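Open the model in your viewer and keep the selection tool at hand. We will walk from stop to stop, with something to pick out at each one.

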Amino acid sequence: SQSYPDCNHTLMLLSDSHTCPLVSTAKVGKTSLIMSLVSEEFPDDVPLRAEEITIPADVTPERVPTHIVDYSGNATDHTNNILSFLQANVICIVYSVNNKKVPLILVGNKSDLVEHSSMETILPIMNQYSDIETCVECSAKNLKNISELFYYAQKAVLHPTGPLYCPEEKEMKPSCIKSLTRIFKVSDLDNDGILNDKELNFFQRTCFNMPLAPQALEDVKNVVRKNMTDGVEDNGLTLKGFLFLHTLFIQRGRHETTWTVLRRFGYDDDLELHQEYLFPLLKIPADCTTELNHNAYLFLQSVFDKHDKDRDCALSPEEVKDLFKVFPYMPWGPDVNNTVCTNDQGWITYQGYLSQWTLTTYLDVQRCLEYLGYLGYSIICEQESQAAAITVTRNKRIDLQKKQTQRSVFRCNILGARGSGKTSFLQAFLGRNLLKQRKIREDHKSFYSINTTYVYGQEKYLLLHEVMPDFDFLSEEDLACDVVCLVYDVNNPRSFEYCAKVYKQYFMDSKTPCMMIASKSDLHEARQHYSLTPLDFCRKNKLHPPQPWTCNTVDAPNKDLYTKLTTMAMYPFVVQHMAQADLKSSTFWLRASVGATVFAVLGFAIYRAILKQR
């Protein structure tokens with residue numbers, strides 16, 4: 001007995017001894033072809049199966065009558081279908097060009113019946129059509145190449161040639177070259193453009209779970225030397241040599257070697273990085289944040305060192321571009337240079353580089369996982385996935401209960417009326433005074449800034465986020481933070497009112513600590529058009545007194561306020577006591593100063609009375 005797939009086929013039979021079946025898988029348009037042939041137009045309604053028809057001889061170019069049968073996969077028609085196939089002289093296979101092509105293997109059977117090989121005839125056909133993976137001669141009678149046939153069939157599926165190599169051009173396809181180039185750059189740990197013996201061994205162990213013996217390494221390099229002049233430099237493999245080796249593997253039928261490398265580095269059959277590779281599963285419970293762990297910072301440090309070629313602890317625009325060559329796009333825009341610390345030339349410093357990665361991890365951890373995937377974190381660090389680089393902090397409610405935290409990144413949302421100095425406050429955190437801030441282009445500004453501060457000797461990251469002033473609506477993101485900074489312009493009499501209203505509506509009953517900033521303190525302090533003065537408002541609501549601040553300085557602005565904000569974010573449970581202590585302290589000194597004045601006046605009066613008696 002003979003079995004056929006459970007799908008429909010189109011069968012075309014020519015008269016007498018001339019028969020030609022058209023065979024196709026389901027839903028490729030076989031019935032539509034028949035209907036269009038008969039009616040000379042595309043049918044709007046296509047039946048499941050066309051009726052048998054015969055095209056008369058006088059309307060065909062070769063004057064041959066044509067009998068057409070729409071093959072059905074129905075079990076009741078199975079016998080008739082087999083009989084129709086047996087009458088055919090030639091078979092045409094119909095496929096839909098928009099479907100993924102299936103690799104083909106040409107099999108010459110009954111090789112035991114002939115003395116000569118048909119390979120000389122078949123090989124030109126194989127070279128002409130890229131869909132044909134390979135060809136093999138077999139004999140079921142003497143078991144010649146039977147196991148090889150099915151090995152090649154498996155290989156065609158698991159290690160296809162099509163995505164890798166163009167037989168017509170006899171070279172690798174651009175997508176394959178692009179993928180292998182990224183793999184080379186990731187494996188080039190010192191970024192000198194050469195894979196030395198140590199890097200080659202790491203690459204070999206990563207992909208094939210075993211290092212290469214010293215002689216095997218030399219043999220590989222010698223093969224490259226013999227075939228190209230610039231494939232080996234300083235006794236290491238160049239990118240050209242690396243690509244040549246893989247071309248050689250493919251040409252010699254060792255596709256599995258190249259595919260093993262590609263799949264180890266996250267590529268799928270279409271030479272795209274797997275979604276599972278770029279975005280590994282990472283569960284983040286509510287009220288938890290995401291941070292990079294120690295091993296991730298060590299990896300990122302090595303990436304920085306790898307690309308900081310002039311060793312100036314900063315990345316020039318060319319060095320940044322080189323770093324992101326393993327990405328399909330440039331992930332950092334010009335706003336990054338105004339989000340983190342830069343040197344006098346405007347280049348991102350080492351501290352700024354780590355700060356930007358910290359910011360991305362906190363705000364968009366999925367994007368961070370994707371970026372680490374492009375850099376090859378899981379491969380270089382020998383981890384299961386990029387998720388191993390992330391620490392998910394515990395719920396903030398538990399921190400409040402235990403009155404301690406292990407977090408390293410704290411978010412401060414900056415609110416205030418337009419023109420109050422919020423943007424300047426962000427830029428001052430990066431060490432930029434007013435003069436330097438005026439040089440920033442409007443389209444390069446950022447609503448974030450992040451830098452390190454030290455609280456009781458511990459290095460922490462403070463992330464500042466400028467919230468656009470819209471009193472009528474503040475989103476959950478505007479409110480979700482560890483500490484709030486309310487900024488008003490001391491020179492603008494209507495500036496404080498916005499801060500007061502925002503505080504009363506959104507933060508008065510919340511557990512989020514707040515600080516009032518008296519911005520532009522170098523200017524004349526105008527009387528605020530509000531029922532309470534800023535100091536009285538803070539006293540009434542048990543807040544710290546307004547903190548004077550300015551960035552109109554010769555040197556870098558003072559950073560003490562940022563340390564205070566970080567401390568408030570770390571220890572929100574003691575902020576209220578500190579605020580009350582500040583108020584008591586200010587009241588004490590007010591009373592003390594009044595008492596001292598009264599005592600001085602009385603003392604002077606007594607002194608004059610004594611002199612008068614004399």
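What is the order of the strands in the open sheet of three strands, and is the pairing parallel or antiparallel? The order is β10-β12-β11, and the pairing is antiparallel. Helices (H or I, at least four residues) and strands (E, at least two) are DSSP runs, numbered from the N terminus, and two strands pair if DSSP finds at least two bridges between them.

Before going further, note that this is a predicted model, in which local features need pLDDT of at least 70 and side-chain atom pairs count only at pLDDT 80 or more, while totals for chains, interfaces and linings use all residues. Residues are numbered from 1 along each chain as its sequence is written, and side-chain values use heavy atoms, with hydrogens and water left out.

**Stop 1: the three-stranded sheet**

Select 194-195 and 232-233: these are the edge strands β10 and β11, each pairing on one side only. Now add 236-238, which is β12, joined to β11 by two antiparallel bridges. Look for Glu-233, which faces Gly-236 of β12.

**Stop 2: the whole chain**

Zoom out and colour by secondary structure: the chain has 23 helices and 22 strands. Of its 614 residues, 44% are buried, where buried means under 20% relative accessible area, exposed over 50%, and partly exposed in between (1.4 Å probe, protein chains only).

**Stop 3: two nonpolar cores**

A nonpolar core is a set of buried Ala, Val, Leu, Ile, Met, Phe, Trp, Tyr and Cys residues joined through side-chain atoms within 4.5 Å. The largest one has 72 residues, and Leu-180, Ile-183, Phe-265, Leu-300, Tyr-353, Trp-357 and Leu-375 have the most contacts inside it. Pick Ile-183: beyond its neighbours within four places in sequence, its contacts (heavy atoms within 4.5 Å) include Phe-203, Phe-242 and Phe-265. A second, separate core has 24 residues, among them Phe-410, Cys-412, Leu-426 and Tyr-562.

**Stop 4: strand β21 and its partners**

Select 514-519, strand β21. Six of its six residues are buried, so β21 is largely enclosed by the rest of the structure. In a regular strand the side chains alternate between the two faces of the sheet. Here Cys-514, Met-516 and Ala-518 point one way, and Met-515, Ile-517 and Ser-519 the other.

Next add β20 (483-489). β20 pairs with β21 in the parallel sense over six bridges, and Cys-485 sits opposite Met-515. From β20 the chain passes through α20 to β21 in a right-handed β-α-β crossover; right-handed means that, with the strands pointing away from the viewer, the path from the first strand over the helix to the second runs clockwise.

Then add 547-549, strand β22, which is parallel to β21 over three bridges. Ile-517 faces Gln-547 there. β21, α21 and β22 form a right-handed β-α-β unit too.

**Stop 5: helix α20**

Select 496-507, the twelve residues of helix α20. Its buried residues include Phe-496, Tyr-498, Val-502 and Phe-507. What do the buried residues of α20 pack against? They pack against β17 (409-416), α19 (476-479), β20, β21 and α21 (534-540).

**Stop 6: a hairpin**

Finish with 448-455, strand β18, where seven of eight residues are buried. Eight bridges join β18 to the antiparallel strand β19, residues 458-466, and Tyr-454 stands opposite Glu-459. β18 and β19 form a hairpin with two residues between them, and Tyr-456 in the turn has a positive phi of about 55 degrees.

Methods
Expected span 1.5 Å × (residues − 1).
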